[in-house]
Structure formats: C-alpha cells, structure tokens
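Biologist: Before we discuss the structure, may I ask that each classification be justified by its value and its cut-off? Please display the sequence and the structure so that we may proceed.

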Amino acid sequence: MPDLENFFGDRRAREIARHITPDLSPEYEVIDIGANDCRVTEKVARQVGSIIPVDILDTGRNKTGLELTIYDGKTLPFPEASFDAALLTFVLHHAVDPAALFDEAKRVIRPDGRIVVIEDTPASPLQRALWEVIHERQHKRDSKLLEAHDIKTAEGWQQFFQQHRMRAVRVERFRNMWISNGFYSHTAFVVEHDPTAT
Ligand SMILES: C[S@@+](CC[C@H](N)C(=O)[O-])C[C@H]1O[C@@H](n2cnc3c(N)ncnc32)[C@H](O)[C@@H]1O
C-alpha cells in the first residue's frame, strides 16, 4: 500500500519551497518559524547555508531528522539579528497574536534580512467559503490550529507589514493543486525593512 500521506505531504512541501528558495542565498542562515512536520524546512535546507525549525508544539510528525526547537510562542530563543532570513509559511493566520509573532521574526533577522511570508489569501467570497471548509478539514487532527483565524487579503497583509515598518519587495499570488487543490489563492511575500518608514 503506497504511503499517500507521505506522497502528498512531500509534493506540497516541494511546491511551497519553490516559492521560497528564489529569495534566499545559498549562504543564508535561516529560521523556519512554525515548522510543524519540518517537511518544508527540509526542502529549503538543500538551498541555504543552515536552517533551524521552531514551533510551539511537537506533533510527532517530524520524520526528517531535523531537530525541531519548541518554544513558548512568545520569545524566540535567539538573540536579535541572528539570521539572514525568517520563514513564516501558513503560520501567521494560526498565531494567537500575529503582530507579536511578526515582531519576533523581525527581531531575530539582521537589519538587511528578509522575512518570507506565505499566506492563504482567498480572493473572492466563493474562495473564502471554500477556504473555511478545506481549512477545517485539513486541521481537524490539530484542533489547536483552528483556534486562530486571522485571514486577510493580500492587500491586508501588505498593510500589516507597513504597520511593522516593513514592506513587501516581492508579491506573488498563486494557486496550487498540491497545496489546496487549487480551490483558493495563496500569496508569497518577501518582506524587508522599509528604509522610508518614519
Ligand atoms: C499550518 S502549520 C504550517 C507548517 C509549515 N510552516 C508549512 O508550511 O507546512 C502552522 C504552524 O504554526 C505553528 N504556530 C502557531 N503559532 C505559532 C507561534 N506563535 N510561533 C511559532 N509557531 C506557531 C503551529 O503550531 C503550526 O505548526
């Protein structure tokens, strides 16, 4: 019997990594915040100098051999300016306090560092309705993930970055059959400090 969960999980991770790695350099030191099963971390690891996966809980589904650091969800256990880049893929809309989490990501990257954010960004009422159904099904095993629901449009996330004195220097909207069966849009943002922010 083929291991379908493994097959689909691997394809999904490969597709997500495809939207991350063009914005990272091979020598980068990266933190993957909200890494969960570390499948995406593992794919990105092949393209960067080093990567550290962290999360607030260990689901026991990390079979990659990468060591997942568990923390309290408030203060990342690293000094400021420790990394060239932080990843927040499909994490902010699950965070109890997305603004505080984003501030923490900002704190641990270097002043010229970047944060790669990928979010579900349903682009119409129909996509939003599909998102509700699919999101609930996807996370029924992890009921904790259904507690927070800070879903925004792509424009809403860009305003959020501006409120944190950062700006998206690249925005890519995409739909992908391995990530959500193509039912709704996702957006990848490459976010950097905004030198013009007052
Ligand atoms: C949908 S999973 C995304 C996993 C992975 N980034 C990916 O793209 O496959 C969301 C993850 O965010 C984590 N999370 C929620 N709040 C967090 C926080 N404050 N700090 C770190 N991780 C958090 C959850 O525990 C969960 O593992």
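Biologist: Why is Thr21 called partly exposed?

Modeller: In this predicted model, Thr21 has 17 other C-beta atoms within 10 Å. A buried residue requires 20 or more and an exposed one 12 or fewer, so the count for Thr21 places it in the class in between. Thr21 is part of the loop between α1 and β1.

Biologist: What makes Thr21 and Val44 a contact?

Modeller: The criterion is a C-beta separation within 7 Å, and Thr21 touches both Val44 and Gln47 once residues up to four places away in sequence are set aside. The C-alpha atoms of Thr21 and Val44 are 6.4 Å apart, with their positions 23 residues apart in sequence.

Biologist: The loop between α1 and β1 also holds Leu24. Why is Leu24 counted as buried?

Modeller: Leu24 has 21 C-beta neighbours inside 10 Å. The threshold for burial is 20 or more, so Leu24 qualifies as buried. Beyond four places in sequence, its contacts are Val30, Gln47, Val48 and Ala85. Leu24 and Leu88, 64 residues apart in sequence, are 14 Å apart in space, C-alpha to C-alpha.

Biologist: How do you know that the length of helix α1 agrees with what its residues should span?

Modeller: Helix α1 covers residues 4-18, which is 15 residues. At 1.5 Å a residue the helix should span 21 Å, and its end C-alpha atoms are 21 Å apart, so expectation and model agree.

Biologist: Which residues of α1 are buried, and what do they pack against?

Modeller: Ala13, Ile16 and Ala17 are buried in α1. These residues cover an arc of only 95° around the axis, which puts them on the same side of α1. Leu4, Phe7 and Phe8 are exposed on the other side. The packing partners of the buried residues are α2 (39-45), β4 (83-89), β5 (109-120) and α6 (177-180).

Biologist: What makes the buried residues of helix α3 line one face?

Modeller: The buried residues of α3 (residues 98-108) are Leu101, Phe102, Glu104, Ala105 and Val108. Viewed down the axis of α3, they fall within an arc of 155°, so they line one face of the helix. On the other side of α3, Ala100 and Asp103 are exposed. The elements covering the buried residues include β1 (29-33), β4 and β5.

Biologist: Why is Glu104 classed as buried?

Modeller: Glu104 has 21 C-beta neighbours inside 10 Å. Since burial begins at 20, Glu104 counts as buried. Its contacts beyond four places in sequence are Thr75 and Leu76. Glu104 and Ala13 are 91 residues apart in sequence and 24 Å apart in space, C-alpha to C-alpha.

Biologist: Which members of the largest nonpolar core touch the most other members?

Modeller: Of its 43 residues, these are Ala85, Ala86, Leu88, Ala105, Ile115, Val116 and Val117. Setting aside neighbours within four places in sequence, Val116 is in contact with Ile20, Asp23, Ala85, Leu87, Ala188 and Val190.

Biologist: Why does Arg173 count as exposed?

Modeller: Arg173 has 12 C-beta neighbours inside 10 Å. Exposure is assigned at 12 or fewer, so Arg173 meets the criterion exactly at the limit. Arg173 is placed in strand β6 (residues 166-174), and it touches Thr121, Ala154, Ser185 and Thr187, residues up to four places away not being counted.

Biologist: What is notable about the phi of Ala81 and of Asn181?

Modeller: Most residues other than glycine have a negative phi. Ala81 has a positive phi of about 60°, and the phi of Asn181 is near 55°, also positive. Ala81 lies in the loop between β3 (69-70) and β4, whereas Asn181 is in the loop between α6 and β7 (186-193).

Biologist: Why is Ala81 partly exposed and Asn181 exposed?

Modeller: Ala81 has 13 C-beta neighbours inside 10 Å, which is above the limit of 12 for exposure and below the 20 needed for burial, so Ala81 is partly exposed. Asn181 has 11 such neighbours and therefore counts as exposed.

Biologist: How many residues surround the ligand, and which are the closest?

Modeller: The ligand is surrounded by 17 residues, the closest being Gly34, Asn36, Gly73, Thr89 and Val91. The shell divides into 11 nonpolar, 5 polar and 1 charged.

Methods
Residues are numbered from 1 along each chain as its sequence is written. This is a predicted model: local features need pLDDT of at least 70, side-chain atom pairs count only at pLDDT 80 or more; totals for chains, interfaces and linings use all residues. A residue is near a molecule or strand if its C-beta atom, placed from the backbone, lies within 6 Å of it. Ala, Val, Leu, Ile, Met, Phe, Trp, Tyr, Cys and Pro count as nonpolar, Asp, Glu, Lys and Arg as charged, and the others, Gly among them, as polar. A nonpolar core is a set of buried Ala, Val, Leu, Ile, Met, Phe, Trp, Tyr and Cys residues joined through C-beta atoms within 7 Å. Two residues are in contact if their C-beta atoms, placed from the backbone, lie within 7 Å. Helices (H or I, at least four residues) and strands (E, at least two) are DSSP runs, numbered from the N terminus. The expected span of a helix is 1.5 Å times one less than its number of residues. The arc is that of the directions from the helix axis to the C-beta atoms.
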